[in-house]
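Visitor: I am new to this structure and would like to be led through it slowly. Could we put it up first and then talk?

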Amino acid sequence: MKSLLLWGLLSLPFFLSAQTATLEVEVHDVSSSEGDILVALYTEEETFLKFEHVYRTQGAPASEGMTRVVIADLPLGHYALAIFHDENGNEELDTNFIGIPKEPLGFSNAKLKTFGPPGFKECLVELQEDTTIKITLE
């Protein structure tokens, strides 16, 4: 009985780690090394792009050309990502007086539409193992 309990305790980290993965986001067309690249992950359509309902955020200092943002220990599942280059470091997506973004942004699997952002379903990324995705800022 003790050996069964010991095996269970020793194997617990293996089973727990098998339930998470790392998402590596390569952000391309970063115009400068000023500020940070910020990534927001969403898990629900109803709350997509609502800043107060972000599932998780991660950032990295901007690097002109391409910036890599690594998000570790994510539960397996589906995520929609919104990314922006916070050029002035205020941790907010700056917009003009009618709400149009003034800082470069991008989305997983989708691009900005003529009159707004893509939808949640268009941006979904399935995470079943360690994954790298590429996103180009607009």
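Visitor: Where does Thr 22 lie?

Guide: Before answering, I should say that this is a predicted model, in which local features need pLDDT of at least 70 and side-chain atom pairs count only at pLDDT 80 or more, while totals for chains, interfaces and linings use all residues. Residues are numbered from 1 along each chain as its sequence is written, and side-chain values use heavy atoms, with hydrogens and water left out. Strands are DSSP runs (E, at least two residues) numbered from the N terminus, and Thr 22 lies in strand 1.

Visitor: Is Thr 22 buried, partly exposed or exposed?

Guide: Buried means under 20% relative accessible area and exposed over 50%, with partly exposed in between, using a 1.4 Å probe and protein chains only. Thr 22 has a relative accessibility of 24%, so the residue counts as partly exposed.

Visitor: How far apart in space are Thr 22 and Thr 132?

Guide: In sequence, 110 residues separate Thr 22 and Thr 132. Contacts of Thr 22 (heavy atoms within 4.5 Å), not counting residues up to four places away in sequence, include Glu 129, Asp 130 and Thr 131. From C-alpha to C-alpha, the distance between Thr 22 and Thr 132 is 8.4 Å.

Visitor: In what order do the three strands of the open sheet stand?

Guide: Two strands pair if DSSP finds at least two bridges between them, and strand 1 (residues 20–30) runs parallel to strand 8, joined to that strand by six bridges. Strand 4 (65–75) and strand 8 (131–136) each have a single partner strand and stand at the edges, so one side of each is left without a neighbour in the sheet. The pairing in this open sheet is mixed, and the order is 4-1-8.

Visitor: Which residue of strand 8 is the bridge partner of His 28?

Guide: Across from strand 8, Val 27 stands opposite Ile 135. For His 28, the bridge partner in strand 8 is Thr 136.

Visitor: Which side chains of strand 8 point to one face and are buried?

Guide: In a regular strand the side chains alternate between the two faces of the sheet. Along strand 8, Thr 132, Lys 134 and Thr 136 point to one face and are not buried. The side chains that point to the other face and are buried are those of Thr 131, Ile 133 and Ile 135.

Visitor: How many aromatic pairs does the structure hold?

Guide: Rings of Phe, Tyr and Trp (its six-membered ring) pair if their centres lie within 6.5 Å, and planes under 30 degrees apart count as stacked, over 60 as edge-to-face and the rest as tilted. By that rule, the number of aromatic pairs in the structure is three.

Visitor: What kind of pair do the rings of Tyr 42 and Phe 48 form?

Guide: Tyr 42 is buried, with a relative accessible area of 0%, and Phe 48 is buried as well, at 11%. Ring pairs link Tyr 42, Phe 48 and Phe 120 into a cluster. The ring centres of Tyr 42 and Phe 48 are 5.3 Å apart and their planes stand at 85°, so the pair is edge-to-face.

How values were computed:
Helix = DSSP H or I, 4+ residues; strand = E, 2+ residues; numbered from the N terminus.
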